[in-house]
Amino acid sequence: MAVSASLLFNPRTYDPEHFDPETRRLLRAAVDWFEARGKRRLIEDYRSRAWLGDFLDFAAREGLFATFLTPASAAAKDDQRWDTARIAALNEIFGFYGLDYWYAWQVTILGLGPVWQSDNAEARARAAELLAQGEVFAFGLSEKTHGADIYSTDMLLTPDGEGGFRASGSKYYIGNGNAAGLVSVFGRRTDVEGPDGYVFFAADSRHEAYRLVKNVVDSSKYVSEFRLADYPVAPADILHTGRAAFDAALNTVNVGKFNLCTASIGICEHAMYEAVTHASNRILYGRPVTAFPHVRRELTDAYVRLVGMKLFSDRAVDYFRSAGPDDRRYLLFNPMTKMKVTTEGEKVIDLMWDVIAAKGFEKDNYFAQAAIEIRGLPKLEGTVHVNLALILKFMRNHLLAPVDHPAVPTRLDAADDAFLFQQGPARGLGSVRFHDWRTAFDAYAEVPNVARFREQADALCTFVGTAAPDEEQSRDLDLLLAVGQLFALVVHGQLILEQARLTGLDEELLDELFAVLVRDFSAHAVELHGKDSATEDQQNWALGAVRRPVVDAARSARIWERVEALSGAYEMEQ
């Protein structure tokens, strides 16, 4: 099956027929709401920092959040479930129209995480009812002086002598903190030392002891600072205590940060329609801008990178949905989606911006908004560096110690992803085992640039086995992050190939995409070569891993035709 430019989300033709009827209806209803609102109104709301009341009213009328974010264990209707595939589809739509809309939804997901992991039946029922009423939620974890360092929380809970507590302290950078019907708040008891003193509890932003201080960003997103002053926490408000509260925090982030990849994809797709359409119609020196070879290369690179983002993210969904106590491979693919896919999104926007130049600043375009919003996603739910360091924990097992795992199919079935709220203790990452990554590459051994990249991946295995950082170098995070980038590329390529096989992606497009990945690997190898603490063996290895992609001008010209076909394929009505 050949894949054309239609691989990108296009509101004019969008019909998610692979989902059940109610999911299809709601996804299409979301697209239609944005399209009816129009480009001018969306941009005006973004620039005037208008609160998202109209959007949340629409979501409430349709039961959108309640349908998509109520797990089967708390559901009151047949169509309610926690289905990562359709959540990802909605992320893409929200990203396509504006990150502010996605953010209100995203932090609702985070706020629900501790609730759906809790054994508190009363709190779970209350959350389900609030969702049914159209309320949003918030995740009260980070603090102004500590960030998301939950070991150092200053939200203090003092026992009230009646089985509850009085909570005092502040939280900072808390989305939806201005309007949340329920805020999941992390704190610690004053009468218990250490991890046993952690508490997650539910608070109401409308309570008189809840003081909203301000919005800490200049945006329609309401990213709040709030303070609790002697806030009453009843036993019915307690979601988790002790180590379970700590695990709930980390496991919630595991669920939530996956959403960043598909939001990034949506942003890039909308921007790409604008950029290609503008470039194709811009005449410079008597020729369309797209007649220049460097412009074609930049836009083609942007397109194939975006295709890679989609392939990787779609395949990662399958591992999320198939996860269980004996299969935790999602714990690698999750930070990969957050770190790798979102930074690819930045590259996609930068490549297009180099082409359209000053046009990218104009106030009547979506692109100016996209160029700002794409920067935020790599920096949310842990920085790129934090997630790269996390990815490194899996490197040796993934590259050198594969085990047999049952094949994971495409997961678009209407099932509830219950394990995401039963992940258990947030530790033991070094024990996670993976299937053989080489299998995906073997299936495309005849594709020239897949084969070229495979040489680099094999070289990385040699590096890990013979020239890996020693104990002293392991404390040099700057060096380790360079290694992490190389490993991330191998994982990125693996899932791209798996999804290509499942979807029948044509090999010509895959070849062009892997030409980009070969160049990326070479660039990161050169970076490793230049690190201060790199040993002579490591320097020699790095230069030996540099490869030139297999060039095929005819192939690149045919891929360019797909990119050029995006000109005029979609433009949002004013």
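A search of the whole structure turns up 0 disulfides. Keep in mind that this is a predicted model. Confidence looks like this: the chain has a mean pLDDT of 95, with 99% of its residues at 70 or more. The exception to flag is residues 1–5, where the pLDDT is below 50 and the stretch has 16 contacts beyond near neighbours in sequence.

**Cysteines**

- A disulfide is a covalent bond between the sulfur atoms of two cysteines.
- Why does Cys261 not form a bond with the closest cysteine sulfur? That sulfur belongs to Cys268 and sits 12 Å from the sulfur of Cys261, which is too far for a bond; the cut-off here is 2.5 Å.
- Seen from Cys268, the closest cysteine sulfur is the one in Cys261, again 12 Å away and too far for a bond.
- Cys261 is buried, given its relative accessible area of 0%.
- Cys268 is buried too, with a relative accessible area of 0%.

**Helix 7**

- Helix 7 covers residues 121–132, and at 1.5 Å a residue its 12 residues should span 16 Å; the end C-alpha atoms are 17 Å apart, so the two agree.
- Which residues of helix 7 are buried? They are Ala123, Arg124, Ala127, Ala128, Leu130 and Leu131.
- These buried residues take up an arc of only 160° around the axis, so they sit on the same side of helix 7.
- An α-helix has 3.6 residues a turn, so residues three or four places apart point the same way.
- Over on the other side of helix 7, you'll find Ala121, Glu122 and Ala132 exposed.
- The cover over the buried residues of helix 7 includes two helices, helix 4 (64–69) and helix 6 (99–116). It also includes strand 1 (137–140), strand 4 (182–189) and strand 8 (238–241).
- At the N-terminal end, Asn120 acts as the cap of helix 7, with a side-chain oxygen 3.1 Å from the backbone nitrogen of Glu122.
- After helix 7 comes Gly134, with a positive phi near 90°.

**Helix 2**

- In helix 2 (residues 39–48), the buried set is Lys39, Leu42, Ile43, Asp45 and Tyr46.
- Their arc around the axis is only 160°, so these residues lie on the same side of helix 2.
- What packs over them? The cover of the buried residues of helix 2 includes helix 1, helix 5 (84–97), helix 6, helix 9 (259–281) and helix 12 (367–376).
- Right after helix 2, Arg49 has a positive phi of about 60°.

**Positive phi in Asn176 and Asp230**

- Asn176 is not a glycine, yet its phi is positive, near 65°.
- Where does Asn176 sit? It is in the loop between strand 3 (165–175) and strand 4.
- Asn176 is buried, with a relative accessible area of 1%.
- Asp230, another residue other than glycine, has a positive phi near 60°.
- Asp230 belongs to strand 7 (residues 223–233), and at 43% relative accessibility it counts as partly exposed.

**Histidines**

- His18 is in the segment before helix 1 (21–37), and its 45% relative accessibility makes it partly exposed.
- How far apart are His18 and Arg375 in space? Their C-alpha atoms are 31 Å apart, with their positions 357 residues apart in sequence.
- His524 is part of helix 18 (residues 507–529) and counts as buried at 13% relative accessibility.
- Leaving out residues up to four places away in sequence, His524 touches Gln485, Leu486 and Leu489.

**Thr466**

- Thr466 lies in helix 16 (residues 448–466).
- Is Thr466 buried or exposed? With 65% relative accessibility, Thr466 counts as exposed.
- A polar atom of the Thr466 side chain is 2.7 Å from the backbone oxygen of Thr462.
- Thr466 and Gln538 are 72 residues apart along the chain, and their C-alpha atoms are separated by 9.4 Å.

How values were computed:
Residues numbered from 1 in each chain as written. Predicted model: local features only at pLDDT ≥ 70, side-chain atom pairs only at ≥ 80, totals over all residues. Heavy atoms only, no water. Helix = DSSP H or I, 4+ residues; strand = E, 2+ residues; numbered from the N terminus. Expected span 1.5 Å × (residues − 1). Buried < 20%, exposed > 50% of the residue type's maximum accessible area, 1.4 Å probe, protein only. Arc of directions from axis to C-beta. Contact = heavy atoms within 4.5 Å. Polar contact = N/O pair within 3.5 Å; in protein donor to acceptor, adjacent residues only side chain to side chain. pLDDT = per-residue confidence, 0-100.
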